[in-house]
Amino acid sequence: MTRLFNDPAAFADEALEGFAAAHRRWVRPVTGGVVRAGGTPEGQVAVVIGGGSGHYPAFSGLVGRGLAHGAAVGNVFASPSAQQIRSVARAAHGGAGVLLMYGNYAGDVLHFGQAAERLTGEGVRARTFAVTDDISSAGPEETAKRRGIAGDLPVFKAAAAAAEQGLPLDEVLAVAEHANARTRSFGIAFSGCTLPGADHPLFTVPEARMAVGLGIHGEPGIGEESLPTADEAARLLVTSLLKEVPDGVGGPAGARAAVILNGLGSVKYEELFVVYRKVAELLGDAGVEIVDPEVGELVTSFDMAGISLTLTWLDDGLSALWRAPADTPAFRKGAPAAPEHAAAAAVTAEESDEQTVPEASDASRRAAAVVLAALDALAATVDDHAEELGRIDAVAGDGDHGIGMQRGSTAARLAAADAHARGAGAGTVLVRAADAWSDRAGGTSGALWGSMLRALGGALGDDEKPTAARVADGVTEASAAVRRLGGAEVGDKTMVDVLVPFADTLAAATADGVPLAAAWDRAADAAETAASATADLLPRKGRARPHAEKSLGTPDAGAHSLALITRAVRGVLIDHH
Ligand SMILES: Nc1ncnc2c1ncn2[C@@H]1O[C@H](COP(=O)(O)OP(=O)(O)O)[C@@H](O)[C@H]1O
Ligand SMILES: O=C(COP(=O)(O)O)[C@@H](O)CO
């Protein structure tokens with residue numbers, strides 16, 4: 001239970017503020033997160049890590065010498081936005097490029113990828129790397145689909161220590177790849193976490209049972225077993241990981257491993273030590289030499305009761321990197337190094353000029369008023385259904401879809417109102433709304449809704465009154481943009497299952513000469529039908545994928561919210577007909 005909060009929507013920002021105030025020796029706040037207080041030494045590759053809030057000490061607590069140069073911090077269980085990441089990366093850049101590192105989650109992949117593209121376009125060399133250590137989230141033949149959990153730490157540390165040694169960007173990336181290929185984690189959970197402001201946990205585990213194969217966002221495990229003793233838990237964790245010793249290690253006997261026994265939030269340190277006692281014994285029996293073990297909370301999930309074991313199979317190079325000194329708010333090792341000379345001036349990301357708007361025709365400005373009314377209706381319907389959307393998302397995801405959609409749509413509405421008040425045309429109003437949505441919401445849906453509204457805005461432009469055909473073209477482009485960015489197709493159980501029939505129905509009706517309001521009406525019906533039909537599908541993309549079976553019978557959260565929104569916008573179009 002999270003008991004101490006003010007406005008739940010402000011929880012992540014307020015926590016980051018307090019964290020930065022408490023750790024001035026190590027970190028300096030910048031837009032979107034924190035960077036090292038002393039900056040990045042000139043000519044050193046900057047390792048910028050990041051992810052959602054709710055996982056402390058990941059990610060902000062791992063910024064400091066020997067570890068990350070900066071951390072981009074998103075909202076609770078939602079990736080930071082591309083804009084936040086770009087801002088932190090620019091502030092951390094020491095002139096030798098940045099490596100952006102995160103756990104493998106759809107939202108992170110989208111936003112860090114977009115940030116890297118923008119940084120590269122601005123002349124900052126940027127590469128990305130997603131950690132994939134969780135063996136329960138996909139089989140050995142699909143390691144690229146695995147999630148990042150407590151293995152984030154050794155992989156981040158290896159890359160950061162390599163950067164500290166002065167290696168160039170591509171070699172730092174190669175170290176990250178190598179460390180990740182040799183890192184495996186597996187976890188178990190006894191109860192789910194409760195998000196700030198929520199009155200019940202994201203999932204529950206029946207009395208005397210445990211969930212096997214936990215996620216770090218309150219995702220339920222992939223299986224369930226009887227509650228073990230501490231020794232049985234240790235045995236399950238160790239045997240699961242020893243079944244998957246990576247290629248190149250040659251088997252556990254005689255191998256060296258960095259070992260992390262991680263508490264997810266409400267397992268006591270003493271309990272962890274009782275488990276670790278057996279972990280150490282079993283690894284010793286298997287002939288594994290344990291190097292600098294860590295027992296404690298390194299990647300958490302609020303107050304979730306759970307533990308995970310991580311092994312990074314070391315060679316000489318990785319061993320030196322794992323043992324290298326580090327000095328961060330939450331992770332310290334070895335003797336502190338001499339003071340560093342920071343790169344001349346950390347650049348703070350400049351804000352884009354949002355004061356002015358491009359010229360627009362009167363007709364487009366009038367249409368902008370309708371766009372604004374549509375965004376108002378959209379935000380209102382998201383508010384009305386936020387709890388329901390969270391509930392649906394919690395069935396197999398992380399329960400934050402309602403919160404994320406609320407944050408994004410509220411920001412979009414405000415940005416649109418501002419642009420409209422400045423005389424913007426319909427296209428610009430939508431593009432401003434899109435940028436505000438993806439920047440404020442983060443997360444998978446933040447990136448996708450941002451790209452959707454941007455594509456629609458681009459198609460409408462600021463010059464002409466948007467005709468029904470042009471709106472239909474814009475929606476078709478929005479549908480293509482979402483599929484390009486997210487890589488999902490119809491049948492994967494995502495919002496694409498609704499977007500495609502919605503766009504197709506709208507296009508067909510307008511091509512037949514049906515006026516916009518009536519065509520939209522038809523398309524919204526198709527959207528609703530398609531959203532309900534997602535209940536019968538198994539998810540193949542996004543957070544819900546590892547829990548595919550659990551989601552049968554429940555529609556996809558993003559598909560449902562999109563259908564609700566098309567219905568809400570229909571009312572506006574009919575009113576303005
Ligand atoms: N690759 C993808 N392409 C399109 N839509 C996706 C994809 N992955 C997830 N989604 C959609 O995003 C929704 C979840 O959004 P959100 O709550 O922001 O996710 P998360 O918390 O995983 O970042 C899902 O219900 C699904 O509709
Ligand atoms: O949840 C996180 C990011 O993934 P999303 O796909 O945006 O939900 C975050 O907590 C881990 O980085």
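1. A definition to start with: two strands count as paired if DSSP finds at least two bridges between them. Helices (H or I, at least four residues) and strands (E, at least two) are DSSP runs, numbered from the N terminus. With that in hand, strand S7 (residues 183-191) and strand S8 (residues 209-212) pair in the antiparallel sense over two bridges. Ala189 has Ala211 of S8 as its bridge partner.

2. Some ground rules before going on. This is a predicted model, in which local features need pLDDT of at least 70 and side-chain atom pairs count only at pLDDT 80 or more, while totals for chains, interfaces and linings use all residues. Residues are numbered from 1 along each chain as its sequence is written, chains are lettered from A and ligands numbered from 1 in the order in which they are written, and side-chain values use heavy atoms, with hydrogens and water left out.

3. Following Ala211 across S8 takes you to the next strand. Ala211 also stands opposite Glu224 in S9, and S8 and S9 pair in the antiparallel sense over four bridges. Both strands belong to an open sheet of six strands with mixed pairing, in the order S9-S8-S7-S12-S10-S11. The edges are strand S9 (223-226) and strand S11 (289-296), each of which pairs on one side only. Neighbouring strands here are turned by 20° against each other on average, direction ignored; angles run from 0 to 180 degrees between N-to-C directions, with axes as lines fitted to C-alpha atoms, for helices over the stretch in contact.

4. Edge strand S11 deserves a glance at its backbone. Asp292 is found in strand S11, and its phi is near 40°, a positive value in a residue other than glycine.

5. Which helices lie across strands of this sheet? Helix H5 (residues 169-181) lies across S7 and strand S12 (305-314), running at about 55° to S7. Helix H8 (residues 316-323) lies across strand S10 (256-263), S11 and S12, at about 35° to S11. Contact, for helices on sheets and elsewhere in this note, means heavy atoms within 4.5 Å.

6. There is another open sheet of six strands, with mixed pairing and the order S1-S2-S4-S3-S5-S6. Strand S1 (27-30) and strand S6 (126-131) stand at its edges, each with a single partner strand, so one side of each is left without a neighbour in the sheet. The twist averages 25° from one strand to the next. Within this sheet, strand S3 (residues 46-53) and strand S4 (residues 70-76) pair in the parallel sense over five bridges, and Val48 stands opposite Gly70 in S4.

7. On this sheet, helix H1 (residues 11-22) touches S1, strand S2 (33-36), S3 and S4, and its direction makes about 145° with that of S4. H5 packs on the sheet as well, touching S3, strand S5 (98-103) and S6, at about 5° to the direction of S6. H5 is thus worth viewing from both sides: it touches S3, S5 and S6, and it also lies across S7 and S12.

8. Please look at the loop between S3 and S4, which holds Pro57 and Phe59. The peptide bond from Tyr56 to Pro57 is cis, with omega near 10°. The bond from Ala58 to Phe59 is likewise cis, with omega near 10°.

9. What surrounds ligand 1? Its shell has 20 residues (a residue is near if one of its heavy atoms lies within 4 Å), and the closest are Asp400, Thr444, Ser445, Asp556 and Gly558. Taking polar contacts as pairs of N or O atoms within 3.5 Å, a ligand oxygen atom is 2.5 Å from an N or O atom in the side chain of Asp556. For the side chain of Asp400 the distance from a ligand oxygen atom to an N or O atom is 2.9 Å. A polar backbone atom of Gly558 is 2.9 Å from an oxygen atom of the ligand. The protein covers 94% of the 570 Å² of accessible area that ligand 1 has on its own (Shrake-Rupley method, 1.4 Å probe).

10. The elements giving two or more residues to that shell are helix H12 (443-460) and helix H16 (557-575); H12 gives the most, with four residues. H16 also packs against helix H14 (residues 496-511) at an angle of about 35°, with their axes 8 Å apart. Val498, Leu499 and Phe502 of H14 meet Ala559, Leu562, Ala563 and Thr566 of H16.

Terms used: Polar contact = N/O pair within 3.5 Å; in protein donor to acceptor, adjacent residues only side chain to side chain.
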